[in-house]
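Hello,

Here is the structure I promised to pass on, with my notes below it. Have a look at the model first, then read on.

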Amino acid sequence: MRTLIVGGIEIPLRASLTLTQTYEPQQAVTRLRMADGSLVQQISWRDKLLTSIDGSGTIPAGLHLIDFTSPVVIKCVAERVVTSASNVIDIPSARRTDYPPEGRALLNGKWQSTPVAMSVDQATLTIVAGATQYQCIYWPEITCYCDPPTETRGVRNAD
């Protein structure tokens, strides 16, 4: 089972019985309407990622000693996927190294596993005859600023 690691602390299974992680793309984009009616897009930066994690368990996560004033490394538990018509796929370098990327090939409308060979940030998936698409699955590792978690404890029940 894959585990969430925040600031070097592995979240115990009993602290993460329910766990969801969301990813939201972030970018600094402004769209301006010109006098002639055309639309111009100005991009300052893009391709950043915001993640939110929510969970509960029967014990606390134990994150209160993390220095949240400094960047924190989050080894994510929710996977991300890059899909391509090619079996050679570039994936982000900011990914967990303790969970190797996995590959899938779409054959007759069904995804099936296929081995992956990595060369730095390029995944080469084993070709599956007749496959129309390939996917490389990876788990991000994000260095970010975080807010300390909110803790709610049910003192008279199991969570």
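A term to settle before anything else: a residue is called buried under 20% relative accessible area, exposed over 50%, and partly exposed in between, with a 1.4 Å probe and protein chains only. By that scale V120 is exposed, at a relative accessible area of 68%.

Some housekeeping on the source. This is a predicted model, in which local features need pLDDT of at least 70, side-chain atom pairs count only at pLDDT 80 or more, and totals for chains, interfaces and linings use all residues. Residues are numbered from 1 along each chain as its sequence is written, and side-chain values use heavy atoms, with hydrogens and water left out.

**Backbone**

V120 is also worth a look for its backbone, since its phi is near 60 degrees, a positive value in a residue other than glycine. Most residues other than glycine have a negative phi. V120 sits in the loop between β10 and β11; strands here are DSSP runs of E with at least two residues, numbered from the N terminus. D47 has a positive phi too, near 65 degrees. This residue belongs to strand β4 (residues 39–56), and it counts as exposed at 70% relative accessibility.

**Strands and sheets**

Which strands make up the open sheet of 3 strands, and in what order? The order is β7-β11-β10, with antiparallel pairing; two strands pair if DSSP finds at least two bridges between them. The edges are taken by β7 (88–90) and β10 (116–119), each with a single partner strand, so one side of each has no neighbour in the sheet. On average, neighbouring strands of this sheet are turned by 25 degrees against each other, direction ignored; the axes behind that angle are lines fitted to C-alpha atoms, and angles run from 0 to 180 degrees between N-to-C directions. β7 and β11 (residues 122–125) are joined by 3 bridges and run antiparallel, with I89 having A123 as its bridge partner in β11.

Elsewhere, β5 (residues 72–75) pairs with β13 in the antiparallel sense over 4 bridges. V72 stands opposite C144 in β13. Side chains alternate along β13 (residues 141–144): I142 and C144 are buried and point to one face, while E141 and T143 point to the other and are not buried.

**Salt bridges**

How many salt bridges does a search of the whole structure find? There are 4, where a salt bridge is a side-chain nitrogen of Lys or Arg within 4 Å of a carboxyl oxygen of Asp or Glu. Three of them are described here.

- K75 and E141 form one, with their closest N and O atoms 3.8 Å apart. This pair ties β5 to β13 across 66 residues. K75 is partly exposed at 23% relative accessibility, and E141 is partly exposed at 25%.
- R95 and D121 form another, the closest N and O atoms being 3.0 Å apart. R95 is in the loop between β7 and β8 and D121 in the loop between β10 and β11, 26 residues apart. R95 is buried, at 13%, whereas D121 is partly exposed, at 27%.
- E102 and R2 meet at 2.7 Å, N to O. E102 is in β8 (residues 102–107) and R2 in the segment before β1 (5–6), 100 residues apart.

**Cysteines**

The structure holds 0 disulfides, a disulfide being a pair of cysteine sulfur atoms within 2.5 Å. Why is C76 not in one? The closest cysteine sulfur, in C144, is 8.0 Å from the sulfur of C76, which is too far for a bond. C76 is buried, at 0% relative accessibility. C146 is in no disulfide either, its nearest cysteine sulfur, that of C144, being 3.5 Å away. C146 is buried, with a relative accessible area of 15%.

**Surface**

Finally, M1, L13 and L17 make a nonpolar surface patch of about 400 Å². Patches are made of residues with over 30% relative accessible area and no salt bridge, with like charges joined within 9 Å and nonpolar side chains (Val, Leu, Ile, Met, Phe, Trp, Tyr) within 5 Å; areas come from the Shrake-Rupley method with a 1.4 Å probe. L13 lies in the loop between β2 (9–10) and β3 (18–33) and is exposed, at 52%.

Best wishes
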